[in-house]
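The following exercises concern helix packing, aromatic pairs and nonpolar cores. Please work through each task with the structure at hand before reading its solution.

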Amino acid sequence: MGLTQMHKQLLTWQDVERGVQTIVRSMQLDAWQPDLIIGVDRGGLPVSTMISHYLNVPHTSVKVSLRNNADTESLLWAPDEVIGGKKILLVDDINDTGATQTWLKADWASSVAGIEVDFVDKFWHNNVRWASLVENESSKEYSDYCGIAVNKLENDVWIDFPWESFWSRRT
């Protein structure tokens, strides 16, 4: 069996803008408006900031870096906000494997006394929704909203976002 070649897909700022518009349009079609947007540091911050400005909704961030640094932080106040009725939109640049979403679900559920198991079932995809600029359709988790869909089982692609390697791109 031969090794498969991973292809690099360069996204432009125009692709990002179109993806953000698709995410916002989908939320509007759902008649769902967040009270707070939380961007996943680093890659999710450009997208979450754009959505925050467009919707005029407050913004904060959370650091969840599972791939290289295994460096994470908890926003343990957020589940209490959700239980109190706030709608939170979590935003990342890519839902690749679902690991970030899985980690946040477990972290938030563990901080809620008495309803740990029910927190995810009751609030995730209701009061807490997930948006990804790029959605890997073969991920273990799914985004409620996405701007661009890929399927890495069918086409193993590395997404290169315009904020990642802009210095090496030719114009």
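**Exercise 1. Determine the handedness and the class of the crossing between α1 and α2.**

Solution. In this predicted model, the crossing of α1 and α2 is right-handed. The axes of the two helices, α1 and α2, come within 10 Å and cross at roughly 50°. An angle under 35 degrees would count as roughly parallel, and one of 65 to 115 as roughly perpendicular. The helices α1 and α2 are therefore oblique to each other. The residues that meet are, from α1, Trp13, Val16, Glu17, Val20, Ile23, Val24, Met27 and Gln28, and, from α2, Pro46, Val47, Met50, Ile51, Tyr54 and Leu55.

**Exercise 2. Classify the aromatic pair of Trp13 and Trp163, and state whether each residue is buried or exposed.**

Solution. Begin with the geometry: the ring centres of Trp13 and Trp163 are 5.5 Å apart and the planes stand at 50°. Planes under 30 degrees apart count as stacked and those over 60 as edge-to-face, so the pair of Trp13 and Trp163 is tilted. Next, locate the partners: Trp13 is in helix α1 and Trp163 in the segment after β8, 150 residues apart, and the pair thus links distant parts of the chain. Finally, consider accessibility. Trp13 has a relative accessibility of 41% and counts as partly exposed, whereas Trp163, at 18%, counts as buried. Trp13 and Trp163 also form one aromatic cluster with Phe161.

**Exercise 3. Carry out the analysis for Trp108 and Trp124.**

Solution. The centre-to-centre distance of Trp108 and Trp124 is 5.7 Å and the angle between the planes is 70°, an edge-to-face pair. Trp108 belongs to helix α4 (residues 99-110) and Trp124 to the loop between α5 (116-123) and β6, so the pair ties together parts that are 16 residues apart in sequence. Trp108 counts as buried at 0% relative accessibility, and Trp124 is buried with a relative accessible area of 3%.

**Exercise 4. Describe the largest nonpolar core and state which element gives the most to this core.**

Solution. The largest nonpolar core has 25 residues, and those with the most contacts inside it are Met27, Ile51, Leu89, Leu133, Val134, Ile159 and Phe161. At least two residues each come from α1 (13-29), α2 (44-55), β5 (88-95), β6 (128-136), β7 (145-150) and β8 (157-160). The element that gives the most is α1, with five residues. A second, separate core of 19 residues includes Val62, Val64, Ile88 and Val128.

Conventions: Residues are numbered from 1 along each chain as its sequence is written. This is a predicted model: local features need pLDDT of at least 70, side-chain atom pairs count only at pLDDT 80 or more; totals for chains, interfaces and linings use all residues. Side-chain values use heavy atoms; hydrogens and water are left out. A nonpolar core is a set of buried Ala, Val, Leu, Ile, Met, Phe, Trp, Tyr and Cys residues joined through side-chain atoms within 4.5 Å. Buried means under 20% relative accessible area, exposed over 50%, partly exposed in between (1.4 Å probe, protein chains only). Helices (H or I, at least four residues) and strands (E, at least two) are DSSP runs, numbered from the N terminus. Rings of Phe, Tyr and Trp (its six-membered ring) pair if their centres lie within 6.5 Å; planes under 30 degrees apart count as stacked, over 60 as edge-to-face and the rest as tilted. Axes are lines fitted to C-alpha atoms, for helices over the stretch in contact, and angles run from 0 to 180 degrees between N-to-C directions. Angles under 35 degrees count as roughly parallel, over 145 as roughly antiparallel, 65 to 115 as roughly perpendicular and the rest as oblique. A crossing is left-handed if the near helix is turned anticlockwise from the far one by less than a right angle, and right-handed if clockwise. Contact means heavy atoms within 4.5 Å.
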